[in-house]
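Here is a short briefing for a reader new to this structure. Start with the sequence and the model, then take the topics in turn.

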Amino acid sequence: GALVLLGERDVQATLDGNPGGVAEAFEYIATSSGIANQVYVYIDGSSTATEVNVGIYGNSVSDTPDTLLTQATLTNPVNGAWNAVTLPPVSVTGAGRYWIAVLAPSGTGNLRFRDRAGSGTAAAQVSAESDLVSLPPSWSAGNTFSDGPTSAFVVE
């Protein structure tokens, strides 16, 4: 199989989500170095989003998402399933800290996913903006939660 560079391969127990226009990023430590080519995201069966933007952010000195490294759009996501999204390739360094971000663009419905809401082992942060139509090149920090990880992983 493909080498997993970072992320969570299990479907988490807690339903979570955001309205269209609100992005959320989840923190991960890369387990391997390599070139990220694809990200898998589990989308809950109750999701109404017709489009999902998925991206990888670097980590800032204050341990928040920083600069958008790569991103792609998933059209017609399959609910209650893992969805594979091909990314423009980007290099990932083992033991580095990265953030996987998900967004249903404003007006495309509510995105529902799985994480560990309130009992997680990693940080999650929503965007300051609530009317995004795509993932911002530079992240603006909203509220932080201990909801991570979400059910998403990046492969070579």
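**Cores**

In this predicted model, the largest nonpolar core has 28 residues, and the members that touch the most others are L6, V39, V54, I100, L111 and V154. A second, separate core has eleven residues, among them A23, L103, L132 and W139. In soluble globular proteins, nonpolar side chains tend to be buried together.

- L111 has contacts that include D16, G17 and N18, leaving aside residues up to four places away in sequence.
- Other contacts of L111 include I43, S47, A49 and V52.
- L111 also touches V102, L103 and A104.

**Strand β9 and its partner**

- L111 belongs to strand β9, which covers residues 111-115.
- Which β9 side chains are buried? L111, F113 and D115 are, and they point to one face.
- R112 and R114 point to the other face and are not buried.
- In a regular strand the side chains alternate between the two faces of the sheet.
- β9 pairs with strand β2, residues 14-18, in the antiparallel sense.
- Five bridges join β2 and β9.
- One residue pair is G17 with its bridge partner R112 in β9.

**The open sheet**

- Six strands make up an open sheet, with antiparallel pairing.
- Their order is β6-β5-β8-β3-β10-β11.
- The edge strands are β6 (65-75) and β11 (141-148), and each pairs on one side only.
- From one strand to the next, the twist averages 25°.
- Strand β5 (residues 51-59) pairs with β6 over eight bridges, in the antiparallel sense.
- Opposite G55 stands Q71 in β6.

**Backbone exceptions in loops**

Most residues other than glycine have a negative phi, and most peptide bonds are trans. The residues below depart from that pattern in phi or in the peptide bond.

- D63 has a positive phi, near 60°, and is not a glycine.
- D63 sits in the loop between β5 and β6.
- Why is D63 counted as partly exposed? Because its relative accessibility is 39%, and partly exposed runs between 20% and 50%.
- A95 is another residue other than glycine with a positive phi, about 75°.
- A95 sits in the loop between β7 (81-92) and β8 (97-103).
- A95 has 62% relative accessibility, so A95 counts as exposed.
- G148 and P149 are joined by a cis peptide bond, with omega about 0°.
- P149 lies in the loop between β11 and β12 (152-155).

Conventions. Residues are numbered from 1 along each chain as its sequence is written. This is a predicted model: local features need pLDDT of at least 70, side-chain atom pairs count only at pLDDT 80 or more; totals for chains, interfaces and linings use all residues. Side-chain values use heavy atoms; hydrogens and water are left out. Buried means under 20% relative accessible area, exposed over 50%, partly exposed in between (1.4 Å probe, protein chains only). Helices (H or I, at least four residues) and strands (E, at least two) are DSSP runs, numbered from the N terminus. Two strands pair if DSSP finds at least two bridges between them. Axes are lines fitted to C-alpha atoms, for helices over the stretch in contact, and angles run from 0 to 180 degrees between N-to-C directions. A nonpolar core is a set of buried Ala, Val, Leu, Ile, Met, Phe, Trp, Tyr and Cys residues joined through side-chain atoms within 4.5 Å. Contact means heavy atoms within 4.5 Å.
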